[in-house]
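Please walk through this structure with the sequence beside you, taking the backbone irregularities, the sheet and the core in turn.

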Amino acid sequence: MKALDRFEGVILGSAALACAGLCTLSASTCGLMLAAVIYLLPVAWWALSGAAMRDGTRVIEHSDIVDWLEVEAIALWPCVALSGAALTAKGNPTRTLRHERIHLAQQSECLVLPFYALYLAEGLIRYMARDPLPYDNMCFEAEAFDNERRPSYLRKRQRFAFLNYFTSRTRSRCPGNGDML
Ligand SMILES: [Zn+2]
């Protein structure tokens, strides 16, 4: 009877180990797939769109996806997608590009995926806490809006500078600023 118990224990233990192994394997497979989507898809999008480098940034111009989202631009590390052209006579996209490059810096120092999670979590918490300007007051956006008109900002910026904006008061963005992600 004891031998049978031991045998059953070995079988049950092996089954448990196999289940744990399968779960770990499927979790890591899902993780790898998610990482591939997060890290490689923007580069593939940029490469397939035949876009160019602007001031050291991979820029996708006249993006249908950005138009569909009804925003001016979006930063998806390591690329920036714009609704219009990156360089025009008016120079407005220069500010937009600077705003998005601040987000690229935030994304790279947060290792990208955690940035998206923190961005969504902070926005949700501010919305649920009835922050009057949940989007503008998010630390990532507050840093970008505060410094998008300073050409030398990214050269002098300290790492994780967005942390200084966690407790910043309600602000209103500069006139003429559209929605940017
Ligand atoms: Zn932004």
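Arg 130 counts as exposed, because 7 C-beta neighbours lie inside 10 Å; a residue is called buried if 20 or more other C-beta atoms lie within 10 Å of its own, exposed if 12 or fewer, and partly exposed in between, with C-beta atoms placed from the backbone. Arg 130 is found in the loop between helix 4 and helix 5 (134-137), where helices (H or I, at least four residues) and strands (E, at least two) are DSSP runs numbered from the N terminus. Although Arg 130 is not a glycine, its phi is positive, at about 60°.

Two remarks on the source belong here. Residues are numbered from 1 along each chain as its sequence is written. The model is a predicted one, in which local features need pLDDT of at least 70 and side-chain atom pairs count only at pLDDT 80 or more, while totals for chains, interfaces and linings use all residues.

Val 112 likewise is not a glycine and has a positive phi, of about 70°, and its place is in the loop between helix 3 and helix 4 (113-128). With 18 other C-beta atoms within 10 Å, Val 112 is partly exposed. Most residues other than glycine have a negative phi, and most peptide bonds are trans. On the second point, a cis peptide bond, with omega about 5°, joins Trp 77 and Pro 78, and Pro 78 is found in the loop between strand 3 and strand 4.

The protein as a whole has seven helices and four strands, and from the N terminus on its elements follow the order α-β-β-α-β-β-α-α-α-α-α. Of the 181 residues in the protein, 25% are buried. Among contacts with a separation of 6 or more, 52% are between residues 24 or more positions apart, a contact being counted if the C-beta atoms of two residues, placed from the backbone, lie within 7 Å.

In what order do the four strands lie in the sheet? They form an open sheet in the order 1-2-4-3, with mixed pairing, where two strands pair if DSSP finds at least two bridges between them. Strand 1 and strand 3 stand at the edges with a single partner strand each, so one side of each is left without a neighbour in the sheet. From one strand to the next the twist averages 35°, taken between axes that are lines fitted to C-alpha atoms (for helices over the stretch in contact), with angles running from 0 to 180 degrees between N-to-C directions.

Starting from one edge, strand 1 (residues 52-54) pairs with strand 2 in the antiparallel sense over three bridges, and Met 53 stands opposite Arg 58 in strand 2. These two strands form a hairpin with two residues between them, in which Asp 55 takes a positive phi near 50°. Arg 54 lies in strand 1 and counts as partly exposed, because it has 18 C-beta neighbours inside 10 Å. Arg 54 and Leu 97 are 43 residues apart in sequence, and their C-alpha atoms are 8.9 Å apart in space.

Strand 2 and strand 4 run parallel and are joined by three bridges; Arg 58 has Cys 79 as its bridge partner in strand 4, and Ile 60 stands opposite Ala 81. On the other side, strand 3 and strand 4 run antiparallel with four bridges between them, and they form a hairpin with two residues between the strands. Here Ile 74 stands opposite Ala 81, and Ala 73 stands opposite Leu 82.

In a regular strand the side chains alternate between the two faces of the sheet. In strand 4, Cys 79 and Ala 81 point one way and Val 80 and Leu 82 the other way, and all are buried.

Which residues have the most contacts inside the largest nonpolar core? This core has 25 residues, and those with the most contacts inside it are Ile 60, Val 80, Ala 81 and Leu 82; such a core is a set of buried Ala, Val, Leu, Ile, Met, Phe, Trp, Tyr and Cys residues joined through C-beta atoms within 7 Å. At least two residues each come from strand 2 (57-60), strand 3 (73-76), strand 4 (79-82), helix 3 (92-109) and helix 6 (139-147), and helix 6 gives the largest share, five residues. Helix 6 is mostly covered, with seven of its nine residues buried, among them Phe 140 and Phe 145. Leu 82, leaving aside neighbours within four places in sequence, is in contact with residues including Val 59, Ile 60, Val 66, Ala 73, Pro 93 and Thr 96.
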